[in-house]
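Colleague: Could we go through this model together?
Modeller: Certainly; let us begin with the terms and then turn to the structure.

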Amino acid sequence: MSATYRVAVRALCDFTARQGDLDHRFTPAPSAREGMEGHTLVTSRRGEDYLAELPLSGKFEGLIVIGRADGFDPTANRLEEIKTHRGSLERMADNQRALHWAQVKVYGALLCAERALEQITLTLVYLDIASGKETLISQEATADELQAFFADQCQRFLAWAEQEAGHRQDRDSGLQTLRFPHAAFRPGQRELAEDVYKAASTGRCLLAQAPTGIGKTMGTLFPMLSAMPRQQLDRIAFLTMKTPGRRLALDALATLRTSDETLPLRVLELVAREKACEYPDRACHGESCPLAAGFYDRLPAARQAAVDQGWLDRDALREVALAHDVCPYYLGQELARWADVIVGDVNHWFDSHALLHGLAQANDWRTGVLVDEAHNLIERARGMYSAELDQQRFNRVRRAAPKALSRPLGRLSRQWQAVIKEAGLEEEGDPRKPAYRLLTVLPDKLVTAAQQVGAAITDHLGEHPEDASLELQELLFEALAFCRLAERFGEHSLCDLTRYGRGRAVLGLRNLIPADFLAARFNAAHSVVLFSATLNPAHYYRDLLGLQENTVWREVASPFTACQLEVRIRTDISTRFRDRDASIDPIVAAMAQQYQRKSGHYLAFFSSFAYLEAALARFREAHPEVPVFSQTRGMPEAQREEFLARFAPGGEGIGFAVLGGAFAEGIDLPGDRLIGAFIATLGLPPFNDFNEALKARLTARFGQGDDYTYRIPGMIKVVQAAGRVIRSPEDQGVVVLMDDRFAQASVRALLPRWWGA
């Protein structure tokens, strides 16, 4: 091959040596931390001359193979590949062992070539994490045998490597002449595109506040793709908060492909496992699922067909997978290694087990990351780095658990009671009014007991996999997740206890400042662009997300004008909690007055369902002639669709909804489908112990406790809800802000400037 192609030993062997069934039935494997500790333990037992993490590399034709061997003992002339495990080695699948041998043989070939060795001892070292016992499996090999094996593996990969190098060259060549797919940019869209291109060119992070209707999706994808060949980007990840965002990204990419049919761009949509599974009632292994049986034997043909097709949204990926009788979800996981643009949820880069971030780190990718609706990332990330222990689940498992687990489960039970007693919640708690306490310190004894339970369950299931009930597995995952976060507990999080009644307590680790977890994720990308209609003020996002110091904030000028949107502030109304009852009548009167001025479709937003229901009942009583419909608690998706369907062109009526809920953002009702919004709240989070603790923590860290806890998050919701009204330069509408605090200068500063309010 003309161009060189670099591949890691692990990636090479994953490609050439995997065979047989896909097997994802539960087997308790060591964690990454335990694996690293296990490697350290094994190498510490070796002699002074032992070489750990030995860098090796070699070349075969145009292929450069690199990696680090786990350890080499020059005295014994023994090369070791160290693997940690739990339970009996007899249950290790043959294809897994074959992969391990392939890795150590490739390392052996590289080592013999580098040191001119004629023969070597190859050893697989299996360390039992629970007992610390090593099992060594060895074989002798000559340099000629290993070189032949190495050549065979490289030869089997070479055609793929040549294809990939050629694809990269063709892709970059096509992107260098990529043209904007429309006759002209929308107002503000070119400005956004230029800022994104500059961010990609300088390897910086960009916060871009750009109004709805300018085409943000195309305005970010087009410049990032244009920068791809010039900045030698390996991958672009377009990350969204919700499914509709993925659809918009795929539509924009389809438009780009249509405008240049010769552009060889591979696009992959990543879908959640539960949505991609063809046999949700089957276990994920070859003995149960036909798409898992022989998965790796059929993977090469499926992989080739997929990259030949290039366009791999959910439906196309499923079609390719089923044509080759392989699992669509795991085919998608494989193709994440070979796609140019990956469209998926934000968790794929920012979560603690993020697929794309892990691949980028393992393969040293230069990645351009685009984050849509980025104003949601703070709350999403807080959820990613929070965890709970549920006493009720624990009690259910304890009653049915194997006897071998009774002692560690008993210790955890006693620690639950001790924590509840220490918090003073022994006699408190009711499902209708749960008792809540913030804990000043992490309950270390309970965490230790949870760690012991996790280890005990893991060790037991390693020996008795037949006991792996769903409830026991869920308890294990819950305990492991909680304990992992407990190890990193600090000022970025707090611990709380909620009791709903006897045996029904929940211990929570709540992340408050995701910056401490996310900063490394931003640093791992070549460039990150976060964009939304609401990213003001910039310092709020810089501080809480952990963005780099050189992050650029840009506000794209709105194509809309103040004459399109009438903004009225009702300073005679207070929606403070103490004034709620008194506010109902003036709110209803204001809504009716506007409706009489101009009938049509409106949305009315309230801070809670209780507030909404009170206003709705009063409105129906006072104005039965006006059509009204309402969001309900726990509204199923079908009913949400029915709610939105009421906003038909030419219709009229008022939809009542909760601020921050399903209808406050992410919905598009252009033209006369929506001509106005009533917002009877500042959207402030509730005043409670948790939010006051959050305020104190944010004050100590940033000096912005009140703003960061209450005012800014509330106004983000207000602006998002009001943003449903004006969706295009042709739209006209009205927003009525009903609270005297909207007139305060500090609040008005958080409203879009183009409103002219």
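Modeller: Ala, Val, Leu, Ile, Met, Phe, Trp, Tyr, Cys and Pro count as nonpolar, Asp, Glu, Lys and Arg as charged, and the others, Gly among them, as polar. This is a predicted model, in which local features need pLDDT of at least 70, side-chain atom pairs count only at pLDDT 80 or more, and totals for chains, interfaces and linings use all residues. Residues are numbered from 1 along each chain as its sequence is written, and side-chain values use heavy atoms, without hydrogens and water.

Colleague: How do the residues of the lining of the second largest pocket divide?
Modeller: There are 18 nonpolar, 14 polar and 14 charged residues in that lining. A pocket is an open set of points on a 1 Å grid over the protein atoms alone, where a 1.4 Å probe fits, with protein on both sides within 12 Å along at least five of seven lines; lining residues have an atom within 4 Å of a point.

Colleague: Which element gives the largest share of this lining?
Modeller: H7 does, with seven residues; helices are DSSP runs of H or I with at least four residues, numbered from the N terminus.

Colleague: Which domains each give at least three residues to the lining?
Modeller: Domain 2 (202-383 + 527-555) and domain 4 (565-749) do, with bounds from an automatic or database domain assignment.

Colleague: Changing topic, how far apart are the C-alpha centres of domain 1 and domain 4?
Modeller: Those centres are 60 Å apart, and domain 1 covers 5-158.

Colleague: What is the order of the strands in the open sheet?
Modeller: The order of the four strands is E13-E16-E15-E14, with antiparallel pairing. Strands are DSSP runs of E with at least two residues, and two of them pair if DSSP finds at least two bridges between them.
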